[in-house]
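Let's take a stroll through this protein model together. Keep the sequence and the 3D view open, and look things up as you read.

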Amino acid sequence: MLSAVFINRLNKGMPLQTDPTVIYGIEPKFDGNLRKADLRKDTAYNTYMHKGLPPTPIAMPSKESILAAAHPAKSKALFFVAKGDGNSHFSETLKEHESAVDRYQRKIAPNKALQLN
């Protein structure tokens, strides 16, 4: 599914906007808490600021990662957010994604955030 999100974004000309690339670009100063200011730091790896793939791989991809990139899941998802349990929530719209961020990252009570399955 992650590969599908990135392929969908690349096909639409959208920036990848993936946090690990930002973290890679600010290492070793990353303290475990990604801030808006970090998303605005202009490094070659910052996929919030630069469209397309970063200039080099940010990690040594596994066989499974390479296969996933070559054969992504069929999905219209354009966004994902970590749930905090090792899984991710995938969304097709920005509105749904923002609700998922509220629920899983900002920990806003479910009655204040859109109920997501």
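## Rings that pair up

The program's tally is three aromatic pairs. The rule is that rings of Phe, Tyr and Trp (its six-membered ring) pair if their centres lie within 6.5 Å, with planes under 30 degrees apart counting as stacked, over 60 as edge-to-face and the rest as tilted. Take F6 and F80: their ring centres are 5.7 Å apart and their planes sit at 80°, so this pair is edge-to-face. F6 belongs to helix α1 (residues 2–12) and F80 to strand β1 (residues 79–82), so the pair ties together parts that are 74 residues apart in sequence. Helices (H or I, at least four residues) and strands (E, at least two) are DSSP runs, numbered from the N terminus.

F6 has a relative accessibility of 23%, which makes it partly exposed, and F80 is partly exposed too, at 26%. Here, buried means under 20% relative accessible area, exposed means over 50%, and partly exposed is in between (1.4 Å probe, protein chains only). Ring pairs also bring in F90, linking F6, F80 and F90 into a cluster.

Y24 and Y45 make an edge-to-face pair as well, with 4.8 Å centre to centre and 70° between the planes. Y24 lies in helix α2 (residues 19–26), while Y45 is in the loop between α3 (36–39) and α4 (63–70), so this pair ties together parts that are 21 residues apart in sequence. Y24 is partly exposed at 37% relative accessibility, whereas Y45 counts as buried at 19%.

## A word on the model

This is a predicted model, so keep in mind that local features need pLDDT of at least 70 and side-chain atom pairs count only at pLDDT 80 or more, while totals for chains, interfaces and linings use all residues. Residues are numbered from 1 along each chain as its sequence is written, and side-chain values use heavy atoms, with hydrogens and water left out.

## A two-strand hairpin

Now find β1 and β2. They run antiparallel and are joined by four bridges; two strands pair if DSSP finds at least two bridges between them. Across the bridges, F79 is partnered with S91 of β2, and A82 with S88 of β2. Together the strands form a hairpin with five residues between them, and G84 in the turn has a positive phi of about 95°.

Which side chains of β1 point to the buried face? They are F79 and V81, while F80 and A82 point to the other face and are not buried. β2 alternates too: H89 and S91 point to one face and are buried, but S88 and F90 point to the other and are not. In a regular strand the side chains alternate between the two faces of the sheet.

## Helices and loops around it

Next come the helices. In α5, the buried residues are H97, S99, A100, V101, D102 and Y104, and they pack against β1 and β2. In α2, T21, V22, I23 and I26 are buried, and the buried residues of this helix pack against α3.

Two loop residues are worth a click. T43, in the loop between α3 and α4, is buried at 17% relative accessibility. Leaving aside neighbours within four places in sequence, T43 is in contact (heavy atoms within 4.5 Å) with G25 and H50. E92 sits in the loop between β2 (88–91) and α5 (94–104) and is partly exposed at 46%. With the same neighbours set aside, E92 is in contact with K76, A77, L78 and F79. E92 and S75 are 17 residues apart in sequence and 8.7 Å apart in space, C-alpha to C-alpha.

## The largest pocket

How big is the volume of the largest pocket? About 1,800 Å³. On a 1 Å grid over the protein atoms alone, a pocket is an open set of points where a 1.4 Å probe fits, with protein on both sides within 12 Å along at least five of seven lines, and lining residues have an atom within 4 Å of a point. Grid points are joined across faces, edges and corners, and the volume is the space filled by probe spheres set on the points.

The lining has 46 residues, and F6, T18, D19, P20 and F80 lie nearest the centre. α1, α2, α3, α4, β1 and α5 each give two or more residues to the lining, and α1 gives the most, with seven. By class, the lining has 29 nonpolar, 10 polar and seven charged residues. Ala, Val, Leu, Ile, Met, Phe, Trp, Tyr, Cys and Pro count as nonpolar, Asp, Glu, Lys and Arg as charged, and the others, Gly among them, as polar.
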